[in-house]
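Colleague: I'd like to go through the labels on this one and hear what backs each of them up. Can you take me through it?

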Amino acid sequence: MPFKIIGLYILVIVLTSCDSEQIDREKLVSRHNVHLTQADSLNSLTVGNGSFAMTVDVTGLQSFPDYYEKGVPLGLQSEWGWHAFPTERAYDISETDVLLKSHGREVPYARQWPANTEQGKAGDYIRQNPHRVHLAQLGFEFIKKNGEVVSLDEIRNIDQTLNVWTGEIHSNFEIEGVTAEVLTVCNQKADIVGVKVKSKLIEAGRIRLRLNFPTPSTSWRDNGNFYDNKEDARLQMDSFSPKHYAIEREIDNLKYKLVYNTNLDIKDAKSTSKGVVLYPALKAQEWSFTCSFMQDSSLEDDSDFDTMASENQLAWKGFWNSGGIIDFSNVKDERAKELERRMVLSMYLTKVNCGGITPPQETGLTFNSWYGKPHMEMIWWHGVHNPLWGRIEVLEKQVDWYLRNEKKAEDLAKRQGFKGVRWQKMTDPWGGETPSSVGAYLIWQQPHPIYFAELIYGQNTSKEVLDKYADLVESTATFMADFAYYEPTLERYILGPGVIPAQERFKPEETFNPTYELAYWRWALEKAQDWRERLGKERNKKWDEVITGLSPLPQKDGLYLATENAEDSYTNEHFMTDHPSVFGTYGMLPVTDGLDKEVMKATFDKIWTDWQWHDTWGWDFPMTAMTATRLGLPEKAVDALLMPITTNTYLANGHNYQTPRLTIYLPGNGGFLTALGMMAAGTLENPEANQGFPKTWDVKWEGLSKMP
């Protein structure tokens, strides 16, 4: 099978290109700089390094957070900044369990309960804690000639640019006819933001820096502008020199420090109920400063803006000159320009939001959704593009999360009576399990570690890699083989009941054999056997028994069903909404045993025509494009990526908008890159370049790997 030579194949492709002419990357990237001339709550801009990020308004800082609250909020988050509220007693996940009959017995699943019950109290606390926090809110206060504070609507002649090539935000504006220029950057190796201001407002004493500290919240979405006005009791402030200020913050179980360094003496520092306001010395028209955030309060920082800005530029130049890129400049079709814009800005946004050692939440480091917790089924969409675009190290860092938290996954499997490890759905950096009426029954996150291990091995076929991930692959597959239940009446292995598919429209009590999950189960168990053989071990007999006896992909009338129990998959409107996850069967995955391409082609046509596309999510469009590419339908692949549906909207700042509740969605950005890379570089099944684009398109690319 082609996948067994993935290691050699991907390594070769990374070193080649579809065109010998080198792409002018700076020119390509720079033509997609983001330019704003007015405040727009949906188009705030972000600087970051992948594990720390700050989102700013048109002033280059977070001066007007309330205006952006319902758009893309002005967050400042790190991957280490987590908080949990004190509780009278420790809650255990088992308190939320509900028994469901499956596998010939009663299996407990951690569910949500009504809030007024004891189970509900336990469930709510565990869902809400721990949660990611906004470390601070750094904003300017501008003062009018009459002494009043300037409001957002009084800022004139806004001209703001995100220079994507350098990772810098340049903000220009006027206040009562006085110009101000602000440059905002982020250190690429540490949790530090830097700002330089040029304006006569400084020497006039009409500008100051407001350092507020938002209060942690139990809200599903935390916009970073909630305060309980008790910060003066939580902060310890020390001035070590006129240009150096340190603020320690301790709130419940979270303690960290902010260090402020500046080129101007601090004339005054006033404590407030929300934080502190710093007043720079007068007689200057240029003011630069850095704000460093550190978890270890014993550390110090003496960074200066100019050095950091220079190092930031070099780091971003290195980023853009490495890895993959696609050049659409020779394509006459106007649609190509939008594909290229989405590509560049998705690369930028995933770089600043999604590069830490813990899988990102769906809104990255911009603001909290689902309490800031990562969803482990989404790591596929967050992470797979990285190795395909030459950034394998990003995926490697996040796969280490599985190695750190294997014990928690083993505990979950044991509680439910299964062998091996069952991977959590909604979790945290420490592998906590979260009760959920849907998430508890999802299983498509389970094979992901095997898929990721294969991607990593594909680019480094060393014994070291095999040894590092051997136990992870083994324990993951052990659960999968044990979870597959031999149903005597059917005389075959099934998945479920006790399952909700990736298409979250089915009841766990009655659902079994979802098509995508069946294909993924078979594929992953086969790969786990390959892993054993690479290590010189015999194939696992139990796994082979499951592979051989696993149910065929369910179909009716020449179409693949969503699940075997839902024969009305295409006649019940309820089942024609949410993720068309049957496409994952031959889109996210290559051909697996038992897949009929003609049946998949008919299924594609049915879904393309009749699906309720207005009720979908951002990664559904890349998934559709991937299936179209594998089926040899390049026009449909392009149309899928650009389908005019609200959840397929890409804002001026590059974010994938979903709804007023979820205004950004990074799985959409990551999925877009995965699909686009496949469309350009091809797959191991079909190595033809540019197979996902119309034949008339002259697409150039370099540094991409073929997708399995």
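Modeller: Ring pairs tie Trp380, Trp381, Trp444, Tyr451, Tyr516, Tyr520, Trp523 and Trp619 into a cluster. Bear in mind that this is a predicted model, where local features need pLDDT of at least 70, side-chain atom pairs count only at pLDDT 80 or more, and totals for chains, interfaces and linings use all residues. Numbering runs from 1 along each chain as its sequence is written, and side-chain values use heavy atoms, leaving out hydrogens and water.

Colleague: Why is the pair Trp316 and Phe319 called edge-to-face?

Modeller: Rings of Phe, Tyr and Trp (its six-membered ring) pair if their centres lie within 6.5 Å; planes under 30 degrees apart are stacked, over 60 edge-to-face, and the rest tilted. The structure holds 43 such aromatic pairs. Trp316 and Phe319 come out at 5.5 Å centre to centre with 75 degrees between the planes, so they pair and count as edge-to-face.

Colleague: And what makes Trp380 and Tyr451 tilted?

Modeller: Their centres are 5.5 Å apart and the planes differ by 55 degrees, which is neither under 30 nor over 60, so tilted it is. That pair links distant parts of the chain, 71 residues apart: Trp380 sits in helix α9 (residues 379-383) and Tyr451 in helix α13 (residues 448-459). Helices here are DSSP runs of H or I with at least four residues, strands are E runs of at least two, and both are numbered from the N terminus.

Colleague: How do you know that Lys351 lies over the face of Trp316?

Modeller: The test wants NZ of Lys or CZ of Arg within 6 Å of the ring centre and within 35 degrees of the ring normal. Lys351 is 4.5 Å from the ring centre of Trp316. The charged end of Arg391 likewise sits over the ring of Phe319, 3.9 Å from its centre.

Colleague: Why does Asn261 count as buried?

Modeller: Asn261 has 10% relative accessibility, and buried means under 20% relative accessible area (exposed is over 50%, partly exposed in between; 1.4 Å probe, protein chains only), so it qualifies. Asn261 lies in strand β17 (residues 254-262).

Colleague: What makes the link between the side chains of Asn261 and His244 a polar contact?

Modeller: The term covers N or O atoms within 3.5 Å; within protein, one must be able to donate a hydrogen and the other to accept it, and residues adjacent in sequence count only if both atoms are side-chain atoms. Asn261 and His244 are joined at 2.6 Å, so the distance is inside the limit. A polar atom of the Asn261 side chain also lies 3.0 Å from the backbone oxygen of Asp301.
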